[in-house]
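The exercises below work through a structure from its atoms outward, each with a task and a stepwise solution. Please keep the model open while reading.

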Amino acid sequence: MIISMRPHATRDEIKHVCERIEEFGYKVHSIEGEERVVIGVVGVGDVTACLESLEATPGVERAVRISAPYKFVSREFKAEHTVLRINGLEIGGDEFIVTAGPCSVESERQIMETAEGVAAAGARMLRGGAFKPRTSPYDFQGLELEGLKLLRKAKQATGLAIVTEIMSDSDVGMVAEYADVMQVGARNMQNFSLLKSLGGCGRPVLLKRGMSSTIKELLMSAEYVVAHGNPNVLLCERGIRTFETATRNTFDISAVPVLNELTHLPVILDPSHAAGKRSLVPALARAGVAIGADGLIVEVHPNPEKAVSDGAQSLKLEDFRAMMRQLRPYLDLWKEARLAEAAAAV
Ligand code: PEP
Ligand code: MN
């Protein structure tokens with residue numbers, strides 16, 4: 001349930017509403033806004049009776065039931081698209097944000113060369129894994145703290161915000177010191193103890209859709225992070241498993257309009273992990289712009305043949321530059337559409 005108070009409702013009125021909510025056996029989850037307070041309510045009880053009673057309580061403008069199982073991330077809860085502010089950037093606003101970088105941070109030279117190359121080509125954030133979720137325990141597992149330090153150097157040199165993966169709740173504090181965005185990989189989308197810890201990490205969370213997860217499950221996972229105190233969640237479609245083997249995963253770009261109907265959270269696309277093959281990435285990226293995603297996350301490596309992970313799908317720096325050039329006319333249309341949407345919403 002969401003209770004919107006009238007503008008300038010008094011403190012006593014707000015307090016009384018909270019007491020009524022508790023009398024009905026519900027919990028006040030959050031109180032937001034100053035001029036117009038909105039109270040988020042969770043729990044199990046007699047919704048209809050509670051709603052009717054609250055609507056008649058002084059100071060209440062509107063009390064609505066949220067029918068979706070995910071509450072705070074639903075469009076019912078918040079009609080306007082969420083804009084995340086990261087290191088001076090806005091995601092979900094009127095700039096399409098491209099994040100680029102290697103699958104894994106491998107060495108100082110590799111990350112610096114990539115960071116400088118992608119920044120010059122128009123990327124606004126740098127990706128790079130220091131903790132890698134690998135299918136085989138014998139594969140490269142990441143440089144860990146050393147990798148985080150290299151990402152910090154790359155940020156200092158280029159100004160790019162850092163997106164890096166967090167795999168374990170015990171590392172949240174350490175990774176949050178270095179990351180501007182905490183990436184939860186497809187394999188950890190339903191690591192609920194990690195999601196709960198990220199509720200208090202103080203950084204935006206990039207939540208990737210599990211390779212066998214439904215959109216509803218993705219939203220329930222986002223709800224975990226928000227319900228545990230962190231409203232700054234960015235969703236990412238990265239391809240799902242189907243019977244098709246021509247691509248590494250099947251790119252479900254319909255996730256973008258579907259999510260835009262169901263949630264106010266921004267949505268980006270990862271054509272690299274979807275395709276699994278470098279040559280397919282630029283076309284999928286164009287589709288991502290055209291379908292109205294808020295951004296892309298793309299793997300780029302200065303020497304993909306030598307990459308320790310995901311070389312086959314990583315663009316060379318010159319491929320990335322070419323892709324960014326090809327995206328330009330699509331980005332102009334994207335911007336026009338965004339501004340028209342914003343104007344229509346006023
Ligand atoms: C990655 O971004 O390198 C990665 C491991 O992605 P995903 O979790 O989508 O497989
Ligand atoms: Mn990868």
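## Exercise 1: a buried aspartate

Task: determine which residues Asp180 touches, not counting residues up to four places away in sequence, in this predicted model.

Solution. With contact taken as heavy atoms within 4.5 Å, Asp180 touches Ile86, Asn87, Lys155, Ala161, Ile162, Arg203 and Pro204. The next step is to place the residue: Asp180 is found in the loop between helix 5 (172-178) and strand 10 (181-184), where helices (H or I, at least four residues) and strands (E, at least two) are DSSP runs numbered from the N terminus. Asp180 has a relative accessible area of 8%, and it therefore counts as buried (under 20% relative accessible area, with exposed over 50% and partly exposed in between, using a 1.4 Å probe and protein chains only). Finally, the side chain of Asp180 makes a polar contact with the side chain of Lys155 at 2.9 Å, and reaches the backbone nitrogen of Ile162 at 2.8 Å. A polar contact here is a pair of N or O atoms within 3.5 Å; within protein, one must be able to donate a hydrogen and the other to accept it, and residues adjacent in sequence count only if both atoms are side-chain atoms.

A note on conventions applies throughout: residues are numbered from 1 along each chain as its sequence is written, while chains are lettered from A and ligands numbered from 1 in the order in which they are written. Because the model is predicted, local features need pLDDT of at least 70 and side-chain atom pairs count only at pLDDT 80 or more, whereas totals for chains, interfaces and linings use all residues, and side-chain values use heavy atoms, with hydrogens and water left out.

## Exercise 2: the metal site

Task: identify which atoms coordinate the manganese ion (ligand 2), and state what spacing the donors follow along the chain.

Solution. Donors are N, O and S atoms within 2.8 Å of the metal (3.2 Å for Na, K and Ca), and since water is not among the atoms, sites may look incomplete. Under this criterion the manganese ion is coordinated by Cys103 (SG), His273 (NE2), Glu299 (OE) and Asp310 (OD), at 2.1 to 2.4 Å. Along the chain, the donors follow the spacing C-x169-H-x25-E-x10-D. Cys103 lies in the loop between strand 7 (97-101) and helix 3 (108-120), and Glu299 in strand 14 (residues 295-299), so this pair ties together parts that are 196 residues apart in sequence. Cys103 is buried at 4% relative accessibility, and Glu299 is buried as well, with a relative accessible area of 1%.

## Exercise 3: the surroundings of ligand 1

Task: work out how many residues surround ligand 1, and which polar atoms lie beside its oxygen atoms.

Solution. Counting a residue as near if one of its heavy atoms lies within 4 Å, 13 residues surround ligand 1, and the closest are Arg127, Ala186, Arg187, Lys208 and Arg238. Ala186 places a backbone N or O atom 2.7 Å from an oxygen atom of the ligand. From the side chain of Arg238, an N or O atom is 2.6 Å from an oxygen atom of ligand 1. For the side chain of His273, the corresponding separation is 3.1 Å, and His273 is also one of the residues that coordinate the manganese ion.

## Exercise 4: helix 7 and its cover

Task: compare the span of helix 7 with the expected one, then find which of its residues are buried and what covers them.

Solution. The expected span is 1.5 Å times one less than the number of residues. Helix 7 (residues 215-227) has 13 residues and reaches 18 Å from its first C-alpha to its last, close to the expected 18 Å. Its buried residues are Ile215, Leu218, Leu219, Ser221, Ala222, Glu223, Val225 and Val226. The elements covering them include strand 2 (27-32), helix 6 (192-198), strand 11 (205-208), strand 12 (233-237) and helix 8 (255-262). From helix 8, Ala255 is in contact with Ile215, as well as with Arg209 and Glu237, leaving aside neighbours within four places in sequence. Ala255 and Ile215 are 40 residues apart in sequence and 7.3 Å apart in space, C-alpha to C-alpha. Just after helix 7, Gly229 takes a positive phi of about 110°.
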